[in-house]
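Here's a walk through how this two-chain model is put together, going from one helix pair out to the sheets and the interface. Keep the viewer open while you read.

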Amino acid sequence: MKRRKGTSDSLLTKAGGELDDRFKLAGPARVLLNKVFPDHWSFLLGEIALFSFILLLLSGTFLALFFEPSMVEVTYNGVYVPLQGIDMSRAYESALDISFETRGGLFMRQMHHWATLLFMAAILVHMLRIFFTGAFRAPRETNWMIGIILFWVGFFEGFFGYSLPDDGLSGTGLRIMEGMTESVPFIGPWASAALFRGQFPGTDVISMIYIIHVFIFPLILLGLIVVHVGLVFAQKHTQWPGPGRTEHNVVGFRMFPNYVMKQVGFMLFIWGVIGAMAGLFQINPIWLFGPYEVSVVSSASQPDFYVMYLDGLIRLFPAWEFRVPPYFTLPAVFWPAIAGMGLSVMLPLLYPALERRFTKDRGHHNLLQRPRDNPARTGLGMMVVVFWIVGVISGGNDVFAEKFGISLNAMTWAGRIGLVVLPIITYYVTYRICLGLQQHDREVLAHGLETGILMRDPNGRFYEVHQPLAEPDEHGHTELEYGGWVVPKKMNRVGALEPTEKGFFKSIEEPSENGGAERRDEIESGKH
Amino acid sequence: MSAHNDSARPDAEPVDLSDPKLSRFEVYKEGLRRDDIEIIHYEPRFAKPGTKAEKRMERIVGGMFLFSGLFATAFVVAYIWWPWEYEGVATWRDLQTWYTPVLGTTLGLSLLLFAVGVLTWAKKLLPIEELVQDRHDGGSSAEDRRIAEATVDGLVEDMGLKRRPFLVKAALLGAAPLGLAAVAPLGALLKDPGDMLTVTGWNAEKYNDGEPIRLMMKDGALVRPDMVSAGGQLTVFPAIDHGATNQFPTSPVLLIRLREADAATLRGNLYPMYQDVDALWGNFVGYSKICTHVGCPASLYEQQSQRLLCPCHQSQFNVVDNAAPVFGPATRHLPLLPLDVDDEGYFIATSDFLVPPGPAFWNRPSLPEEDEK
């Protein structure tokens, strides 16, 4: 036993020495191994997008081996009976062949699609976390902007991706994109003709978006993701306020082994979830849609969820066409589609600069803010969230109308009114909730915890006993400062009562053999 | 980052690494000190190594890894040997219908088990630690900045950027066209849209040597009035080469045979331009199927309310009023195709659409009649 251990030690030392001789690694490697990372579950949302992206590259490579981005017309002769003898593009035929005649092809297609949805969803949720906690503030505005660009490149990467199979649904999506492109003043028709090499749909668009989808955009995404993660690393991660945490330090655990092991585990977990979904849940059954024909469409034609809010805006925008006959027409769709998308890109990009300007706060911030502590920002963010949700629901308003037996026109009008009114209400309500939460924190700090113990004094008055968090002054008040972090609201949080039982099937509060349970609680209390 | 080595924490003394009596931990702590890291808390997860609880945790984690390998093997085996070929209609008893679910379950379970194994290792077996590292937020030190400034100034000086303004301007003037030259080849993508947005497959001069173009169905059969019953509808295409394919994306027309009363209403409502060309034939009316909003086929015909609905964005058009938009985001009516019947009894289009069908664009020609509504 001892001898073997000695051998492996010296082997490691020897290998390390050889590597260091060549690459001079000892210094940088130590810095890397020891780097301290703060810990909180919400810091891992972006990672979901990163891990989905890796899986997208892998599954996409598989699909690219079998997919032919050609719009040559062929007659389907494959195994799927309902489409036999039907004329279609080679792109659609090869997508069908991947689904039916390639070993594991359907599994890979569904994995690619599910991973895309998770990628975009994770970006959105990650973005909300960054926004509501103020993590985009100086010095991290650049990385916020890179993140916004990542979302929009991902948006078009995904849109082009589901347009590639050239099935009935994807052709409809391209048709709508064409109509939007045409609406741009002065350059619209030329832009559309450039995109489709002439009239829509033409015979070139699939090969063009193919090269964008498999090469240009993945390259941009990869480059931006490397910079994005690299900046998080170089600028050091933000952290929540808490005991011992300041603007000038990072409290957490080391990159190796702790952080890396959790990351690897989390990555495999995400992949496992996507893998299981790819096998168990059907997505985008293109063989049901048939080849794209300009004269055919079905109801319930919805884009993927991240495109839906834009589709919803297009549905809701009134029929306001600006015309100076016979010289000029500005189609109604220009406003929601082109102007709306432009605003959706520019407003988030500029938000950090706008907030700096209006709050005149130019300092660096490495400690996060709780959403309640910045009601105006939280309110604005919730406005956007509600606006987005109304858009998404309206993007599927025909499905809602059908499933719930509501009038389609009523759905549209509800969307139109909701889009304007709900965000305003949301801002007010969010603002008030934030203030209320702030006030409750201050109350507990000043008067103590609500114990739930009711007392009756000799006059017959009932009152609740409060447990002060520190030694109170003669008025029963405590002068505790709010630290920007969770204020205990229950007796068991301050150790005055037994902790609530944790554990699902059986309690996990039993002391472990090293008697470390109490100490562990103490350590974790700083983090949550 | 190694630049921070010299700014070590004031409260920690550097260790003399040449001291042979140093323990491994002391050497390691010197590394932390050099990276401005301080250990707040560090204790092994199990105070006594080799206790029952520790062994148990090891067995659990090890078991997860082994089961993960088992499921991965099952995935590979299923991938190779599970029957997978599509054989048409099948029930759940046919093994091949389970191919994709089996792949997903085995691979998913394998990855999840390995994931939970690694995570359990990290959370239940690694030492409990909490460290604090200096952030060194903000810019570089004043010294570094000064040195960088001097270096850049020297660079500017060496190149003479300030002394040689002519060179700078000439370089910029030369580089701008070079940049243009770099993107100019993209111009190959440009194509004159020409009349693609205004002329359709119904244009007799362009596609049929001036002879009126007949109406046909998707399969090529020519259309006669007796093929549609009252209240019925039919999607028709120009009877030219590839007329029913995507090569003529703005040509599809919805031919509707209205009931007597509805046809009379429509005649009364017709825009002057359509009255002039006598656009209806009998009770038949042909509307462009391409929505004037963004171009989906507005193809859901609701006989009761006499509306055409576009399923993409829910624009609705009134069939008995020139297919004028009555709800939703569309702003223009679906153009009528002027119809007639030739000597052999087949439908023909007497001309192309009078206004361009499909979505609008900035210089879309429109007739004054269009603006009346």
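Let's start with a helix pair in chain A of this predicted model. Helices α7(A) and α8(A), the latter covering residues 188-196, pack at an angle of about 145°, and their axes are 7 Å apart. On the α7(A) side the contact is made by A:E178, A:T181 and A:E182, while α8(A) brings in A:G188, A:P189, A:A191, A:S192, A:L195 and A:F196. By type, the residues of this contact divide into four nonpolar, three polar and two charged.

How much of α7(A) is buried? Of its 15 residues, 14 are, so the helix is largely enclosed by the rest of the structure. Helix α5(B) is the case to put beside it: the number of buried residues among its 19 is zero, so α5(B) lies largely in the open. A geometry check on both helices goes like this, at 1.5 Å a residue, counting one less than the number of residues:

| Helix | Residues | Expected span | End C-alpha distance |
|---|---|---|---|
| α7(A) | 168-182 (15 residues) | 21 Å | 21 Å |
| α5(B) | 165-183 (19 residues) | 27 Å | 28 Å |

The end-to-end distance agrees with the expected span for α7(A), and it agrees for α5(B) as well.

Zooming out to chain A, there are 16 helices and eight strands. The C-alpha trace spans about 85 × 80 × 50 Å along its principal axes. Chain A has 528 residues, and buried ones make up 38% of them. If you take the contacts in chain A with a separation of 6 or more, 71% are between residues 24 or more positions apart.

One local piece of chain A to look at is a hairpin. Strands β7(A) (residues 449-456) and β8(A) (residues 462-467) run antiparallel and are joined by five bridges. A:E450 stands opposite A:H466 in that pairing. Five residues sit between the two strands, and A:G460 in the turn has a positive phi of about 95°.

Now for the interface. In total, 94 residues of chain A are in contact with 80 residues of chain B. Which element of chain A gives the most to that side? Helix α10(A), residues 255-280, does, with 15 residues. The chain A side divides into 46 nonpolar, 31 polar and 17 charged residues.

There's also a sheet built from both chains. Its four strands come in the order β1(A)-β4(A)-β2(B)-β1(B), it is open, and the pairing is antiparallel. At the edges stand β1(A) (36-37) and β1(B) (37-43), each with a single partner strand, so one side of each is left without a neighbour in the sheet. Helix α10(A) packs on this sheet and touches β1 and β4 of chain A together with β2 of chain B, its direction making about 75° with that of β4(A). The link across the chains is made by β4(A) (residues 249-254) and β2(B) (residues 128-134), with four bridges between them. In that pairing A:N249 stands opposite B:D134. Within chain A, β1(A) and β4(A) pair over two bridges, and A:V36 has A:R254 as its bridge partner.

Chain B is divided into four domains: domain 1 (2-35), domain 2 (52-133), domain 3 (144-188) and domain 4 (204-371). The centres of domain 3 and domain 4 of chain B are 60 Å apart, taken over C-alpha atoms.

Chain B also has an open sheet of six strands, in the order β6-β5-β4-β3-β12-β11, with antiparallel pairing. The edge strands are β6 (284-288) and β11 (339-341) of chain B, and each has a single partner, so one side of each has no neighbour in the sheet. From one strand to the next the twist averages 40°. Five bridges join β5(B) (residues 253-257) to β6(B), and B:V253 is partnered with B:S288 there.

Finally, look at B:A349, which sits in strand β12(B) (residues 347-349). Is B:A349 buried or exposed? It is buried: 26 other C-beta atoms lie within 10 Å, and the cut-off for buried is 20 or more. Not counting residues up to four places away in sequence, B:A349 touches B:W202, B:P212, B:I213, B:L215, B:L337, B:P338 and B:L339. The C-alpha atoms of B:A349 and B:A279 are separated by 9.2 Å, with the two residues 70 apart along the chain.

Technical notes
Residues are numbered from 1 along each chain as its sequence is written. Chains are lettered from A and ligands numbered from 1 in the order in which they are written. This is a predicted model: local features need pLDDT of at least 70, side-chain atom pairs count only at pLDDT 80 or more; totals for chains, interfaces and linings use all residues. Domain bounds come from an automatic or database domain assignment. Two residues are in contact if their C-beta atoms, placed from the backbone, lie within 7 Å. Ala, Val, Leu, Ile, Met, Phe, Trp, Tyr, Cys and Pro count as nonpolar, Asp, Glu, Lys and Arg as charged, and the others, Gly among them, as polar. Two strands pair if DSSP finds at least two bridges between them. A residue is buried if 20 or more other C-beta atoms lie within 10 Å of its own, exposed if 12 or fewer, and partly exposed in between; C-beta atoms are placed from the backbone. Axes are lines fitted to C-alpha atoms, for helices over the stretch in contact, and angles run from 0 to 180 degrees between N-to-C directions.
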